[in-house]
Amino acid sequence: MERQLELEGELKRERKKNSTLQALIEEMKKEVSDLRQTHQGELQLKDLQMARKEREHTEANGETMRMLTSTREQLQGAKFEIQKLNDELIERTQISKRKVRDLEARMSRMEECDDQRDKEEQEMFKDFRQRLRNLALMR
């Protein structure tokens, strides 16, 4: 009987220990659950932050692409204007060269005419001198 009382006391103590351990286990499970929820919350927060950053980068990339497209269009417009001005310059240069050639040809013809007129004047002068001599001899 003494042994039975001893065993019952030991059983009570073991049950009390078991109950305490069970309470500790439940408390630990709750803490683990809280930690998991906290960790999940942190992960969700990080995911949201990453998604926000990705969206910001995407928006920034979109803005950069719009700027690049706009710049490309401006460059193409400028290139077209430059080509147009270059073509106009080439055309004006050709016209100027043609005018210079025409003027050079006219000057050459004028020089030839001047030379021809000088020859004719010299011939006329010789002829005039000859006539004067002839007249002087006739008198």
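Reader: In which helix is Phe125 found?
Author: Welcome! This is a predicted model, in which local features need pLDDT of at least 70, side-chain atom pairs count only at pLDDT 80 or more, and totals for chains, interfaces and linings use all residues. Residues are numbered from 1 along each chain as its sequence is written, and side-chain values use heavy atoms, with hydrogens and water left out. With helices and strands taken as DSSP runs (H or I, at least four residues; E, at least two) numbered from the N terminus, Phe125 belongs to helix α1.

Reader: Is Phe125 buried or exposed, or does it fall in between?
Author: Buried means under 20% relative accessible area and exposed over 50%, with partly exposed in between (1.4 Å probe, protein chains only). Phe125 has a relative accessible area of 49%, so it counts as partly exposed.

Reader: How much area does the nonpolar surface patch with Phe125 have?
Author: Patch members have over 30% relative accessible area and no salt bridge; like charges are joined within 9 Å and nonpolar side chains (Val, Leu, Ile, Met, Phe, Trp, Tyr) within 5 Å. Areas come from the Shrake-Rupley method with a 1.4 Å probe, and for residues only the protein chains shown count as cover. Here Phe125 joins Phe128, Leu132, Leu135 and Met138 in a patch of about 560 Å².

Reader: What is the radius of gyration of the protein?
Author: The secondary structure comes to 1 helix and 0 strands. For 139 residues the globule rule (2.2 Å times the number of residues to the power 0.38, with the radius taken over C-alpha atoms) gives 14 Å, and the protein is more spread out than a compact globule because its radius of gyration is 58 Å.

Reader: What does the C-alpha trace span along its principal axes?
Author: Burial fits into this picture too: buried residues make up 0% of the 139 residues. Along the principal axes, the span of the C-alpha trace is about 200 × 20 × 10 Å.

Reader: Which residue forms a salt bridge with Arg131?
Author: A salt bridge is a side-chain nitrogen of Lys or Arg within 4 Å of a carboxyl oxygen of Asp or Glu, and the structure holds 9 of them. Arg131 is exposed at 55%, while its partner is partly exposed at 39%. The two are 4 residues apart in helix α1, so about one helical turn separates them. With the closest N and O atoms 3.8 Å apart, the partner is Asp127.

Reader: How far apart are the closest N and O atoms of Lys29 and Glu26?
Author: Lys29 is exposed at 51% relative accessibility, whereas Glu26 is partly exposed at 42%. Being 3 residues apart in helix α1, they are separated by about one helical turn. In their salt bridge, the closest N and O atoms are apart by 4.0 Å.
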